[in-house]
Amino acid sequence: MHIDLTDQYRHSESLIHHLDPRVKVVVTLIFILAVGLIRDGSWIAFGALFLGILGYAAASRLGMFYAVRRSIIAIPFLLAAAPLPFIISGPALISFPALNLTITETGTIRFVSIMIRTFIAVQAGILLSATTPFPGLVWGMCSLRIPRPLVAVIAFMYRYIFVLADEAIRLMRARAARSPEIPGKGKPSFIWRGRVTGSMVGSLFLRSLDRSERVYGAMASRGYDGEMRTYSTFHMRGSDWVSLIVFSLLILGSLSLMFLR
Amino acid sequence: MLFSPTPLHIPDGFLSIGVSIVGWFLAVIFIGIALRQTKDQLGERQVPLMGILAAFIFAAQAINFPIAAGTSGHLLGGTLAAIVLGPWAGTLVMTAVIAVQALLFQDGGLLVMGWNIMNMGVITAFSGFAVYMLVARLLGTTTRSRLIGGFIGAWVSVVISAIAAAIELAISGTSPLHLGLPAMAGVHALIGLGEAVITVGAIGLLQASRPQVLTTGETAPGRRSAVFTLIGLLVALGVSAFSPLASAHPDGLEFIAELQGFLGLAQDSSYELMPDYTLPFLSDPVLTTILAVAVGTLVVFGLVWFIARTSVQRGTIGE
């Protein structure tokens, strides 16, 4: 879970930053779809898409390796795929007769391919949120047929996550101040600590509930009728269309590299 | 940046495209129903209440407590959200949380977000809520039964969603079921204890300070059908765990072969509608498999839900 209290948007005056958010969302999705469609072991195609990511990061003026550095967050999940080299049958790569284990070529190729897919896809996501302000990202989705109430809820949530996370941090600071560890005395039990944490969650819930009532009251007194309206409208300019087509073609081109032998 | 990921946020690349699309398909249906139900339940309050409570779950997930050896217990929140808001509102809140985590923080992938929403939103909300309500029905609605129901519900919800994730990974050929399922279920049986204790603590505080909050969830829409929606989901999951799609996948999942003897019996009877798990009028194998799995899952789910629903209505008329 994240306890990251900084917005992920990094401002810069680049071509990528000025693109319509919808173009970036669609290009990112096509990219991740392409990453998923590449067959196991098509290293050239993987390489081409990785180069594409590096180029995209460079074009956004965040630094070529901006996303690479941040992509480590996907690593813990790799454990789930770790048994693959031992499980899938195929020509043996290394054998451990003593342990009755064999690392197969087929299994290793599959494992490495999954690793690369995750690595590249995470970078695409990182660049999307780094180059697009979140409100633009979210409201742009209305025109991508995402239900408006859902978009409104997500946009509303974004406004308050930092407020409520601050509140959560204050609660934790208060707990830390009031429950010091006394040397020589044992730590309190798991159940006790868990219930204290639960009480904190409960009081955070009540504060959030009260806050939502106040916010709703403030909105209602200003004429809110259940419909969210925004000033920002999105226009696809010529450069947006050109970028969309160019990026899509580049991704398709990279994808077709997997048929090279 | 503090960061302790749970293996429930599946990143992109771990599920095959076909499996991911089925996940989105299911998620879209559930989100659609959740939006309609919460609109009926909350009216104009829908957006501010759901939005702020989604932010609450996000913040509550950050409140942790050290357990042992550097690990810490924290909340996933699906059960708590469903208990205080009802299962559909809980689903919607969790959907928003998962969407923001994926879009803003890359916690969980975009293409696989459908399954993340199903696992951590729909399944936790409905399983936690269903268990909570079952306990309340067995023991009566008292403080004690709420605490017991919250404890069991929270634990069950985490374990079931871990099992669901293991099954999805297995069908994608990423993690074999005979290793992945015990590993995921085992780890989350422990993580679930943290979830359960925190949920009980939260319910205890609400019970002591503002008990009327707890009755809102108990009277929310979807409370009657929650158990049956859950059963439908579980049956669909069980079916897909042993589906022929798994053995059609080129690699991984050799366990299916071991189970072939057993599967041979089950397959023939349950899939006569769609021989070989493909639809006759389509030729592309990938596309037809996706469609067939989607249709099959939906049919199973729909059937169970319908049967359950009619039996509930008969039950209410009889009462």
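This section describes the two chains of a predicted model, their contact, and selected helices and loops.

Chain A contains ten helices and two strands. Their order along the sequence is α-α-α-α-α-β-β-α-α-α-α-α, with the two strands in the middle of the pattern. The radius of gyration of chain A is 24 Å, whereas a compact globule of 261 residues would have a value near 18 Å. Along the principal axes, the C-alpha atoms of chain A occupy a box of roughly 65 × 65 × 30 Å. Of the 261 residues in chain A, 40% are buried. When contacts in chain A between residues at least 6 apart in sequence are considered, 72% of them link residues at least 24 apart.

Chain A is divided into two domains, each made of two segments: domain 1 comprises 15-132 + 235-259, and domain 2 comprises 134-179 + 200-230. The distance between the C-alpha centres of domain 1 and domain 2 of chain A is 33 Å. Contact between these domains of chain A involves four residues of domain 1 and six residues of domain 2. On the domain 1 side, the residues in contact with domain 2 of chain A are two nonpolar, one polar and one charged.

Helix 6 of chain A covers residues 105-131. The end C-alpha atoms of this helix lie 39 Å apart, in agreement with the 39 Å that its 27 residues should span at 1.5 Å a residue. Helix 6 of chain A is also mostly covered, with 23 of its 27 residues buried. A:Arg145, by comparison, is located in the loop between helix 7 (134-140) and helix 8 (148-178) of chain A. A:Arg145 counts as exposed because it has 7 C-beta neighbours inside 10 Å, and the cut-off for an exposed residue is 12 or fewer. Phi of A:Arg145 is near 70°, a positive value in a residue other than glycine. Most residues other than glycine have a negative phi.

Chain B has 13 helices and two strands. Of its 319 residues, 55% count as buried. Among contacts in chain B between residues at least 6 apart in sequence, those joining residues at least 24 apart make up 74%.

The contact between the chains involves 75 residues of chain B and 77 residues of chain A. On the side of chain B that touches chain A, two or more residues are given by each of helix 1 (17-42), helix 2 (46-60), helix 4 (87-105) and helix 7 of chain B. Helix 2 of chain B provides the largest share of this side, 14 residues. By class, the chain B residues that touch chain A are 46 nonpolar, 21 polar and eight charged.

Helix 7 of chain B, one of the elements on that side, runs over residues 177-209 and has 33 residues. From its first C-alpha to its last, helix 7 of chain B reaches 45 Å, close to the expected 48 Å at 1.5 Å a residue. A kink of about 30° is present in helix 7 of chain B, and its centre is B:Ala189. In helix 6 (residues 143-171) of chain B lies B:Ile167. B:Ile167 is classed as buried because it has 24 C-beta neighbours inside 10 Å, the cut-off being 20 or more. The C-alpha atoms of B:Ile167 and B:Gly180 are separated by 8.1 Å, with their positions 13 residues apart along the chain.

The loop between helix 4 and helix 5 of chain B includes B:Gln106. Phi of B:Gln106 is near 55°, which is also a positive value in a residue other than glycine. B:Gln106 counts as buried because 27 C-beta neighbours lie inside 10 Å. B:Asp107 is found in the loop between helix 4 and helix 5 (113-139) of chain B. B:Asp107 counts as buried because it has 23 C-beta neighbours inside 10 Å. The separation between the C-alpha atoms of B:Asp107 and B:Met94 is 14 Å, and these residues are 13 residues apart along the chain.

Technical notes: Residues are numbered from 1 along each chain as its sequence is written. Chains are lettered from A and ligands numbered from 1 in the order in which they are written. This is a predicted model: local features need pLDDT of at least 70, side-chain atom pairs count only at pLDDT 80 or more; totals for chains, interfaces and linings use all residues. Helices (H or I, at least four residues) and strands (E, at least two) are DSSP runs, numbered from the N terminus. The radius of gyration is taken over C-alpha atoms; the globule rule is 2.2 Å times the number of residues to the power 0.38. Two residues are in contact if their C-beta atoms, placed from the backbone, lie within 7 Å. The expected span of a helix is 1.5 Å times one less than its number of residues. The bend at a residue is the angle between axes fitted to the seven residues ending there and the seven starting there. Ala, Val, Leu, Ile, Met, Phe, Trp, Tyr, Cys and Pro count as nonpolar, Asp, Glu, Lys and Arg as charged, and the others, Gly among them, as polar. Domain bounds come from an automatic or database domain assignment.
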